[in-house]
Amino acid sequence: MSNFFVPSEVYEKRIAKCKACVYYKDLLGNCSICGCFMKIKARISHQHCPKYYWKQNDFGMDSIRPSKHIPVEIENEVRLLWPDIKSGRAKDQATKRKMFELYNLIYNGGFDIRSSCHSCVNTAFGGIKQYIEKKIGYEKL
Ligand code: SF4
């Protein structure tokens, strides 16, 4: 299984948390906070609960780490992107798609770059922010 998806034992633990949660809606199996369908979201390793009742690296999962060798061109694109997303909101659709693309490249992710899912956008934004904090440094922007 690709590392985009969590193994079944992790998925089952995430789903069990959701099913015991007051925000879980039995009828459709979605979360009333993020709106996501949990049978899908809980399978995606890059995801987390919006209330942090479960996180990416719970249940024995490693934290999502960037690929070891990021080409300088990609890193430069992250620098160029940052001013247009640093408020936490991409300035337009093209910027959001670029954010997803860079996130997928850096973290070997598989997000649909046209997604409007809030959790996916937050995950991509958080990943880019973390990459800047840990690998580039705000002073080098
Ligand atoms: S994602 Fe979090 S808040 Fe939403 S139903 Fe699951 S445990 Fe509850």
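User: Which residues count as nonpolar and which as charged?

Analyst: Ala, Val, Leu, Ile, Met, Phe, Trp, Tyr, Cys and Pro count as nonpolar, and Asp, Glu, Lys and Arg as charged. The model here is predicted. By those classes, the shell around the ligand has ten nonpolar, two charged and no polar residues.

User: What makes a residue part of that shell, and which residues are around the ligand?

Analyst: The C-beta atom, placed from the backbone, must lie within 6 Å of the ligand. The residues around the ligand are Lys17, Cys18, Cys21, Tyr23, Tyr24, Cys31, Ile33, Met38, Cys49, Pro50, Lys51 and Tyr53.

User: Why is the protein chain called as compact as a globular protein of its length?

Analyst: The globule rule gives 14 Å for 141 residues. The radius of gyration is 16 Å, close to that value, so the chain is as compact as a globular protein of that length. The chain has five helices and two strands, in the order α-β-β-α-α-α-α.

User: How many of the 141 residues count as buried?

Analyst: Buried takes 20 or more other C-beta atoms within 10 Å of a residue's own. In the protein chain, 27% of the residues count as buried.

User: How do you know that α4 meets α5, and what is the handedness of their crossing?

Analyst: Contact needs C-beta atoms within 7 Å. Lys96, Met99 and Phe100 are among the α4 residues that meet α5, whose partners include Val121, Ala124 and Phe125. The contact divides into eleven nonpolar, one polar and one charged residue. The axes come within 9 Å and cross at roughly 65°. The crossing is left-handed.

Terms used:
Residues are numbered from 1 along each chain as its sequence is written. This is a predicted model: local features need pLDDT of at least 70, side-chain atom pairs count only at pLDDT 80 or more; totals for chains, interfaces and linings use all residues. Helices (H or I, at least four residues) and strands (E, at least two) are DSSP runs, numbered from the N terminus. The radius of gyration is taken over C-alpha atoms; the globule rule is 2.2 Å times the number of residues to the power 0.38. A residue is buried if 20 or more other C-beta atoms lie within 10 Å of its own, exposed if 12 or fewer, and partly exposed in between; C-beta atoms are placed from the backbone. Axes are lines fitted to C-alpha atoms, for helices over the stretch in contact, and angles run from 0 to 180 degrees between N-to-C directions. A crossing is left-handed if the near helix is turned anticlockwise from the far one by less than a right angle, and right-handed if clockwise. Two residues are in contact if their C-beta atoms, placed from the backbone, lie within 7 Å.
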